[in-house]
Amino acid sequence: MLVVFNLNKKMEREPYKIKENVQEFEQRMIDETLEINNRRTHLSSFIKSDKFKSLSGYHQGLLIKQSVFMEAYQKTVEERLLDLGVFS
């Protein structure tokens, strides 16, 4: 099941639709997007945890920075997929 989402005009998350016959490199990009999304989800959960709060402010900042970069990376891969016509 695809868990890659697009924000519609109402800023609500809705799933992308994928074309039927994707090329091998496109599938790798889709898989990469899903993996990034999964890792971001886990990191986001950790950032909300008590264990995160026990870290130094410096490490908290680094993890938040990592989360921001991961989101940008995921969006960049998704934009490439949109440009290739993989998502509609």
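User: In this predicted model, why is E71 called partly exposed?

Analyst: E71 has a relative accessible area of 30%. Buried would need under 20%, and exposed would need over 50%, so at 30% E71 falls in between and counts as partly exposed.

User: What makes K75 and E71 a salt bridge?

Analyst: The closest N and O atoms of K75 and E71 are 3.1 Å apart. The cut-off is 4 Å between a Lys or Arg side-chain nitrogen and a carboxyl oxygen of Asp or Glu, so the pair qualifies. Both residues sit in helix α3, four residues apart, which is about one turn of the helix. K75 is partly exposed as well, because its relative accessibility is 41%.

User: How many salt bridges does the structure hold?

Analyst: Four. Besides K75 with E71, they include E35 with R39 and D50 with K53.

User: How do you know that E35 forms a salt bridge with R39?

Analyst: Their closest N and O atoms come to 2.8 Å, and the limit is 4 Å, so the pair counts. E35 and R39 belong to helix α1, four residues apart, again about one turn.

User: Why does R39 count as exposed, and why does E35 count as partly exposed?

Analyst: R39 has 52% relative accessibility, and exposed starts over 50%, so R39 makes the cut. E35 comes to 42%, which lies between the 20% and 50% limits, so E35 is partly exposed.

User: What makes D50 and K53 a salt bridge at 3.9 Å?

Analyst: The N to O distance is 3.9 Å, and the rule asks for within 4 Å, so D50 and K53 pass. These two lie in helix α2 (residues 50-53), three residues apart, about one turn. Both are exposed: D50 has a relative accessible area of 60%, and K53 reaches 57%, so each is over the 50% mark.

User: How do you know that the span of α3 agrees with what its 28 residues should give?

Analyst: At 1.5 Å a residue, those 28 residues should span 40 Å, and the end C-alpha atoms are 41 Å apart, so the two values agree. Helix α1 (residues 24-47) does likewise: its 24 residues reach 34 Å from the first C-alpha to the last, close to the expected 34 Å. Just after α3, G85 has a positive phi of about 85°.

User: Why is α1 called roughly antiparallel to α3?

Analyst: The two helices pack at an angle of about 155°, and their axes are 9 Å apart. That angle makes α1 roughly antiparallel to α3, because anything over 145 degrees gets that label. Their crossing is left-handed.

User: Which helix do the buried residues of α1 pack against?

Analyst: They pack against α3 (57-84). On the α1 side the buried residues are E26, M29, I30, T33, I36, N37 and L43. In α3, L63, S67, M70, Q74, V77, E78 and L81 are buried. Each of them has under 20% relative accessible area, because that is what buried means here.

User: Why does F46 count as partly exposed?

Analyst: F46, a residue of helix α1, has 26% relative accessibility. That is not under 20%, and it is not over 50%, so partly exposed is the label.

User: Which residues does F46 touch, not counting those up to four places away in sequence?

Analyst: F46 touches K51, F52, L55 and L63. A contact requires heavy atoms within 4.5 Å, so each of those four residues has an atom that close to F46. For F46 and L63, the C-alpha atoms are separated by 9.4 Å, and the two residues are 17 apart along the chain.

User: What pattern does the protein chain follow along the sequence?

Analyst: β-β-α-α-α, from a total of three helices and two strands. Of its 88 residues, 25% count as buried. Among contacts with a separation of 6 or more, residues 24 or more positions apart account for 60%.

Methods:
Residues are numbered from 1 along each chain as its sequence is written. This is a predicted model: local features need pLDDT of at least 70, side-chain atom pairs count only at pLDDT 80 or more; totals for chains, interfaces and linings use all residues. Side-chain values use heavy atoms; hydrogens and water are left out. The expected span of a helix is 1.5 Å times one less than its number of residues. Buried means under 20% relative accessible area, exposed over 50%, partly exposed in between (1.4 Å probe, protein chains only). Axes are lines fitted to C-alpha atoms, for helices over the stretch in contact, and angles run from 0 to 180 degrees between N-to-C directions. Angles under 35 degrees count as roughly parallel, over 145 as roughly antiparallel, 65 to 115 as roughly perpendicular and the rest as oblique. A crossing is left-handed if the near helix is turned anticlockwise from the far one by less than a right angle, and right-handed if clockwise.
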